[in-house]
Amino acid sequence: MQRRRLPSELPDRPAWSSRSAEALTPLAPRPVRHVLFRQRWHDLVFLHWPADPAEVAPLLPPGTVPDLHEGRTYVGLVFFRMQDLAFGRTPPLPFLGTFDEVNVRLYSRDALGRRGVVFRSLDCDRLLPVLTARAAFGLPYRWSRIRRRWFEDRLLYTTERRGPTGAGARVWVEVAGTPAAAGPLEQFLTCRWGLHEQFLGRTYYLPNAHPAWSFRTCSLLGWDDGLTSAAGVSRPRGEPVSVLYSPGLPVRFGPPEVLSGSGGPSG
């Protein structure tokens, strides 16, 4: 039987990857002084499963490694509604600034110890934001049909990708009014203050800042997932190990910073 590789044996592991990661903090450790764009995330549902670091590592941008919690990394399937997208200090975009989104994400760390997310796919139900995000940031957005409906205290998201593949996902949760505390794993998965992406041959870090998360108790009633395997990650086995619901919060993004040694000068 083939031996599973330990995280320290990952291929092409950078020498700096054993350095300490930044602390997990409820607020961004670095202020966003120059706001590139703003948005509000609403009605978020997070599903997470363990993932093999050796499988995840080749899927991350150069200059990053899988971020680990107690020796494990994770793949996330996140459903939410984007609202009030705006650039700089301008007013929110009417109509085009509000849409539903579903993303598949992994967890990364760079040479400075900054923890981030890496999006393997982002499904969106408006075509113009899809084209803009792909052209401006190289993010893997896909145009999809997404439906979000409340049935009293139950929330249903469904998505189906446009085109021949038709990959999709579904989540069905019951949300209570009582607050839910985030444990160490949930803090690891949600206290993320930037994203890592490769674009035009260089890896960049896009910082963000927002208020502390608030979560509500929720129960998972049903789910289906065809997006993680379409994103190159093994299809999750069994029930998610973490299920979260948040009513949402406002988010600010700063200018991208190019990682040193990723094909361009440091930002």
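User: In this predicted model, is R115 buried or exposed?

Analyst: Let's start with the cut-off: a residue counts as buried when its relative accessible area is under 20%. R115 has a relative accessible area of 11%. That value falls under the cut-off, so R115 is buried.

User: Which residue forms a salt bridge with R115, and where along the chain does that partner sit?

Analyst: Side chains of opposite charge can pair when their charged atoms come close. Here the closest N and O atoms of the pair are 2.8 Å apart, and the partner is D67. The two come from distant parts of the chain, 48 residues apart: R115 is in strand 5, whereas D67 is in the loop between strand 2 (64-66) and strand 3. With a relative accessible area of 2%, this partner is buried too, and its name is D67.

User: How many residues apart along the chain are D100 and R81?

Analyst: These two residues form a salt bridge, with their closest N and O atoms 2.9 Å apart. Both D100 and R81 are buried. D100 belongs to strand 4 and R81 to strand 3, so the pair links distant parts of the chain, and the separation is 19 residues.

User: Which residues of helix 2 are buried, and why can we say that they line one face?

Analyst: Helix 2 covers residues 127-137, and its buried residues are P129, V130, A133 and F137. Looking down the helix axis, they fall within an arc of 105°, so they line one face of the helix. Their cover includes strand 1 (37-51), strand 4 and strand 5 (115-124). So the face is lined by P129, V130, A133 and F137.

User: Is F95 buried or exposed?

Analyst: You can find F95 in the loop between strand 3 (73-87) and strand 4. Together with F87, L93, L96 and L128, F95 forms a nonpolar patch on the surface, with about 450 Å² of accessible area together. Exposed means over 50% relative accessible area. F95 has 59%, so F95 is exposed.

User: What is the distance between the C-alpha atoms of G222 and V173?

Analyst: G222 is found in strand 11 (residues 215-225) and is buried, with a relative accessible area of 14%. Leaving aside its neighbours within four places in sequence, G222 is in contact with R170, V171 and W172. V173 is 49 residues from G222 along the chain, yet their C-alpha atoms are separated by 7.1 Å.

Key:
Residues numbered from 1 in each chain as written. Predicted model: local features only at pLDDT ≥ 70, side-chain atom pairs only at ≥ 80, totals over all residues. Heavy atoms only, no water. Patch = residues over 30% accessible without salt bridge, like charges linked within 9 Å, V, L, I, M, F, W, Y side chains within 5 Å. Areas by Shrake-Rupley, 256 points an atom, 1.4 Å probe, with all protein chains shown as cover. Salt bridge = Lys/Arg side-chain N within 4 Å of Asp/Glu carboxyl O. Helix = DSSP H or I, 4+ residues; strand = E, 2+ residues; numbered from the N terminus. Buried < 20%, exposed > 50% of the residue type's maximum accessible area, 1.4 Å probe, protein only. Arc of directions from axis to C-beta. Contact = heavy atoms within 4.5 Å.
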